[in-house]
Amino acid sequence: MTEQFARTELLLGKEAMDRLQKSHVAVFGIGGVGGYVVEALARSGVGGLDLIDHDKVSLTNINRQIIATLDTVGKDKVDVMKERILSINPDAAVNVSKCFYLPETADLFDLRKYSYVVDAVDTVTAKIELIMRAGKAGVPIISCMGTGNKLEPARLEIADIYQTSVCPLAKVMRRELRKRNVEKLKVLYSKEEPVKNYLSVQGRAVPGSVSFVPPAAGLMIASEVIREIVGGW
């Protein structure tokens, strides 16, 4: 293990670090949550990372996304994230897909090759498709519920989807997953009541967001992924 991960190895041990180096994680959605998931996975020594996102960095991303600066506005998010990963760990194997994950594009991804899948996408349709396919592939997945219009990172929790409350997105997901006979799903969600304030962008309601809730969610998700890959601590 290279020296930049030596202090992580003090906590996890060499065997765990070897597991992380050999692992292959896919992160769908490289935004406020997904970007911090990738950051933490890369800094923990995960050796293989696939980044899937169709979007480019915009000015409105700067308040919360780790890859968003005035210098990166207009660039593809996955390209900026890949460059950042390789500046942390040049030995990492990083693949990028400039793709909006939907049922129509799902066949582009063989989920069976992954050690873990992270769902940090925004749309219910994409989430459901990714969750169902991960289940069929027998690959562990963690799904992020809504972090928009939230102000209290301490209200974030990791739980089974059927143990969630308050979160409007989680409510929709519970209903849709029951219809599909999905018995369990690990999610990150918030018990905080969302602030009811939205920005209209091209006729679409966009929630507010801050610099500390999505990153906290991303780091919690990354911690759970790492814990499961190494077999707990």
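The following conversation goes through several descriptions of this predicted model and asks what each one rests on.

Reader: Why are α2 and α7 called roughly perpendicular to each other?

Author: The axes of helix α2 (residues 14-22) and helix α7 (residues 213-230) come within 9 Å and cross at roughly 110 degrees. Angles of 65 to 115 degrees count as roughly perpendicular, and α2 and α7 are therefore described in that way. The crossing in which α2 passes α7 is right-handed. On the side of α2 the contact is made by A16, R19 and L20, and on the side of α7 by I226, I229 and V230.

Reader: What kinds of residues make up the contact of α2 with α7?

Author: They divide into five nonpolar, no polar and one charged.

Reader: How do you know that the length of α7 is close to the expected one?

Author: Helix α7 has 18 residues, and from its first C-alpha to its last it reaches 26 Å, which is close to the 26 Å expected at 1.5 Å a residue. Among the buried residues of this helix are V213, A217, I221, V225 and I229. Just after α7 comes G231, which takes a positive phi of about 90 degrees.

Reader: Why are α3 and α4 called roughly parallel to each other?

Author: Helix α3 (residues 34-43) and helix α4 (residues 77-88) have axes that come within 9 Å and cross at roughly 20 degrees. Angles under 35 degrees count as roughly parallel, and α3 and α4 are therefore given that description. Their crossing is right-handed. In the contact, G35, V38, E39, A42 and R43 of α3 meet M81, R84, I85 and I88 of α4, and these residues divide into five nonpolar, one polar and three charged.

Reader: What makes α5 oblique to α6?

Author: The axes of α5 and α6 come within 11 Å and cross at roughly 50 degrees. Angles under 35 degrees count as roughly parallel, over 145 as roughly antiparallel and 65 to 115 as roughly perpendicular, and the rest count as oblique. The angle falls in none of the named ranges, and that makes α5 oblique to α6. The crossing of α5 and α6 is right-handed. The contact is made by V124, K127, I128 and I131 of α5 together with L169, V172, M173, E176 and L177 of α6, and the residues divide into seven nonpolar, no polar and two charged.

Reader: Which elements do the buried residues of α6 pack against?

Author: They pack against α5 (124-137) and β5 (141-144). The residues of α6 that are buried are L169, A170, M173, R174, E176 and L177. Helix α6 (residues 168-179) has twelve residues and reaches 17 Å from its first C-alpha to its last, close to the 16 Å expected at 1.5 Å a residue.

Reader: How do you know whether S143 is buried or exposed?

Author: Buried means under 20% relative accessible area, and S143, with a relative accessible area of 0%, is therefore buried. This residue is found in strand β5. Leaving aside residues up to four places away in sequence, S143 touches D119, K127, I131, L185, K186, V187 and L188. S143 and V117 are 26 residues apart in sequence, while in space their C-alpha atoms are 8.6 Å apart.

Reader: How do you know whether T72 is buried or exposed?

Author: The relative accessible area of T72 is 12%, and with the limit for buried set at under 20%, T72 is therefore called buried. It lies in the loop between β2 (48-52) and α4, where, not counting residues up to four places away in sequence, T72 touches V57, I67 and V80.

Reader: Why are the phi values of N149 and N181 worth pointing out?

Author: Most residues other than glycine have a negative phi. N149, although it is not a glycine, has a positive phi of about 60 degrees, and N181, also a residue other than glycine, has a positive phi near 60 degrees.

Reader: Where are these residues found, and is each of them buried or exposed?

Author: N149 is found in the loop between β5 and β6 (156-160), and N149 is buried, with a relative accessible area of 7%. N181 is found in the loop between α6 and β7 (186-190). Exposed means over 50% relative accessible area, and N181, at 66%, is therefore exposed.

How values were computed:
Residues numbered from 1 in each chain as written. Predicted model: local features only at pLDDT ≥ 70, side-chain atom pairs only at ≥ 80, totals over all residues. Heavy atoms only, no water. Axes fitted to C-alpha atoms, helices over the stretch in contact; angles between N-to-C directions. Helix = DSSP H or I, 4+ residues; strand = E, 2+ residues; numbered from the N terminus. Left-handed = near helix turned anticlockwise from the far one by under 90°. Contact = heavy atoms within 4.5 Å. Nonpolar A, V, L, I, M, F, W, Y, C, P; charged D, E, K, R; others polar. Expected span 1.5 Å × (residues − 1). Buried < 20%, exposed > 50% of the residue type's maximum accessible area, 1.4 Å probe, protein only.
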